[in-house]
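Visitor: I am new to reading protein models. Could you show me one and explain how its labels are earned?

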Amino acid sequence: MSIERSLVLVKPDGFARGLTGEVLRRIEAKGYRLVALAVRTASADLLAEHYAEHVGKPFYEGLVEFMASGPVTAVVIEGEQCIRGFRSLAGATNPTEAAPGSIRGDLGRDWGRPAQENVVHGSDSPESAAREIALWFPDLG
Ligand code: DAT
Ligand code: MG
């Protein structure tokens, strides 16, 4: 058995557009469990740690600015293989190319801004998930 946890963020675009409920609906319909949930506006320090792997990339500054631009819904989900499973629900990074049926494919689009606004974040590996959950939910055991 490999029960995993993953960090999901409904990003500022998704939050502002009122899509938190739709994202949570898809997570629950898939069968994953919600473990923790919080609405918060991320600080620059939190985002620098969260996106450390992208420092130096051409879209980094725009990405951090976008992610700090308003509240996000941070969620810890749980279930066997939920890390890959949620990435599959989310779809490809570029919302223009993300498959219809996926969160990004159905709900996201290109808005002509420096960083792609693609509605959701999901951890990409067990190591990332552990690191990101500790960052966003330090009190979670
Ligand atoms: P993902 O969120 O699918 O894990 P990532 O970790 O490679 O993608 O990038 C983090 C975010 O940065 C991504 O959700 C949207 C933005 N982004 C990635 N590549 C980009 C690019 N080439 N141009 C603009 N924004 C980009
Ligand atoms: Mg990523």
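Visitor: By class, what residues make up the lining of the largest pocket?

Guide: This is a predicted model. The lining has six nonpolar, seven polar and six charged residues. In total, 19 residues line the largest pocket. Lys11, Tyr51, His54, Thr93 and Asn118 lie nearest its centre. Strand β4 (residues 120-122) gives the largest share, three residues. The space inside is about 380 Å³.

Visitor: Why is serine 88 called exposed?

Guide: Its relative accessible area is 56%. Exposed means over 50%. Therefore serine 88 counts as exposed. Serine 88 sits in helix α5 (residues 82-90).

Visitor: How do you know that the buried residues of α5 are on the same side?

Guide: The buried residues of α5 are Cys82, Ile83, Gly85, Phe86 and Ala90. They cover an arc of only 165 degrees around the axis, so they lie on the same side of α5. The face turned away from that buried side carries the exposed residues Arg84 and Ser88.

Visitor: What makes the buried residues of α2 line one face of the helix?

Guide: In helix α2 (residues 20-30), the buried residues are Thr20, Val23, Leu24, Arg26 and Ile27. Viewed down the axis, they fall within an arc of 160 degrees, so they line one face. Just after α2 comes glycine 31, with a positive phi of about 110 degrees.

Visitor: Why is glutamine 81 called partly exposed?

Guide: Its relative accessible area is 42%. Buried means under 20% and exposed over 50%, with partly exposed in between. So 42% makes glutamine 81 partly exposed. This residue lies in the loop between β3 (72-80) and α5. Its phi is near 55 degrees, a positive value in a residue other than glycine. Most residues other than glycine have a negative phi.

Visitor: Why does valine 119 count as buried?

Guide: Valine 119 has 0% relative accessibility. Buried means under 20%, so the label fits. Valine 119 lies in the loop between α6 (103-107) and β4. Its phi is positive too, about 75 degrees, although it is not a glycine.

Visitor: How do you know that the charged end of arginine 109 sits over the ring of tryptophan 111?

Guide: The charged end is 4.1 Å from the ring centre. The distance cut-off is within 6 Å, and the charge must also be within 35 degrees of the ring normal. The distance passes, and the pair is counted as a charge over a ring.

Visitor: How many aromatic pairs does the structure hold?

Guide: Zero.

Terms used: Residues are numbered from 1 along each chain as its sequence is written. Chains are lettered from A and ligands numbered from 1 in the order in which they are written. This is a predicted model: local features need pLDDT of at least 70, side-chain atom pairs count only at pLDDT 80 or more; totals for chains, interfaces and linings use all residues. Side-chain values use heavy atoms; hydrogens and water are left out. On a 1 Å grid over the protein atoms alone, a cavity is a set of points where a 1.4 Å probe fits but cannot get out, and a pocket is an open set with protein on both sides within 12 Å along at least five of seven lines; lining residues have an atom within 4 Å of a point. Grid points are joined across faces, edges and corners, and a volume is the space filled by probe spheres set on the points. Helices (H or I, at least four residues) and strands (E, at least two) are DSSP runs, numbered from the N terminus. Ala, Val, Leu, Ile, Met, Phe, Trp, Tyr, Cys and Pro count as nonpolar, Asp, Glu, Lys and Arg as charged, and the others, Gly among them, as polar. Rings of Phe, Tyr and Trp (its six-membered ring) pair if their centres lie within 6.5 Å; planes under 30 degrees apart count as stacked, over 60 as edge-to-face and the rest as tilted. Buried means under 20% relative accessible area, exposed over 50%, partly exposed in between (1.4 Å probe, protein chains only). The arc is that of the directions from the helix axis to the C-beta atoms.
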